[in-house]
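Please open the model in your viewer and show it as a cartoon. The tour goes from one selection to the next.

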Amino acid sequence: MAYVLVVDDEESIRKLLTRWLAGWGYQSKEAANANDAIEQMTAEPAAIMLCDVMMPVHDGVWLAEQVRTRWPQTAVIMASSAQDMETVMRMRKQGAVDYVTKPFGREMLRQALQRASERMRT
């Protein structure tokens, strides 16, 4: 079954996002870091991955590159408190379908998920 993988080193953020996703009818799983995300993707690839950029050990840029290489069918949405264009361009280059700036609201995330779902259908 298709699901959204929420990758963030902050547990409170993961819990909030999975609650929002459940309210919109999405199944979701959580990963606290890039290594955990890779393990979960290996076991069962996600349809969509929502990933924080700034994480310890391996950041979201590294993870997006791994996902793009191994699971190109997974749509990646990146989230960060940074608003610099260089980061946004790096994310796009790594195949991210969207980039949301923290703190983001429910509607911004819902729109990003809709764009990611549309990308998967094309």
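The stops below begin with a sheet, go on to one of its strands, and end at a single residue. Keep in mind that this is a predicted model.

**The sheet.** Select the strands and colour them by order. You should find an open sheet of 5 strands, paired in parallel and arranged as E2-E1-E3-E4-E5. Strand E2 (28-31) and E5 are the edge strands, each pairing on one side only. Looking across the sheet, the twist from one strand to the next averages 20°.

**A helix on the sheet.** Add helix H1, residues 11-23, which packs on the sheet and touches strand E1 (4-7), E2 and E3. The direction of H1 makes about 170° with that of E2.

**Strand E4.** Now select residues 75-80, which form strand E4. How far is E4 enclosed by the rest of the structure? Buried here means under 20% relative accessible area. By that count 6 of the 6 residues of E4 are buried, so the strand is largely enclosed by the rest of the structure.

Show the side chains of E4 next. In a regular strand, side chains alternate between the two faces of the sheet. In E4, Ala75, Ile77 and Ala79 point one way, while Val76, Met78 and Ser80 point the other way. The residues of both sets are all buried.

**The neighbour E3.** Select strand E3, residues 48-52, which pairs with E4 in the parallel sense over 5 bridges. Two positions are worth labelling: Cys51 stands opposite Met78 in E4, and Asp52 stands opposite Ala79. Then add helix H3, residues 60-70; together E3, H3 and E4 make a right-handed β-α-β unit.

**The neighbour E5.** Select residues 96-101 for strand E5, which runs parallel to E4 and is joined to E4 by 5 bridges. One pair to label is Val76 and its bridge partner in E5, Ala96.

**Val76.** Finish by centring the view on Val76, which lies in strand E4. Is Val76 buried or exposed? Its relative accessibility is 3%, so Val76 counts as buried.

Which residues does Val76 touch, leaving aside those up to four places away in sequence? Select these contacts of Val76:

- Met49
- Ala64 and Val67
- Ala96, Val97 and Asp98

As a last step, draw a distance from Val76 to Val4, C-alpha to C-alpha. The two are 72 residues apart in sequence and 9.7 Å apart in space.

Key
Residues numbered from 1 in each chain as written. Predicted model: local features only at pLDDT ≥ 70, side-chain atom pairs only at ≥ 80, totals over all residues. Heavy atoms only, no water. Buried < 20%, exposed > 50% of the residue type's maximum accessible area, 1.4 Å probe, protein only. Helix = DSSP H or I, 4+ residues; strand = E, 2+ residues; numbered from the N terminus. Pairing = 2+ DSSP bridges. Right-handed = clockwise from strand over helix to strand, strands pointing away. Contact = heavy atoms within 4.5 Å. Axes fitted to C-alpha atoms, helices over the stretch in contact; angles between N-to-C directions.
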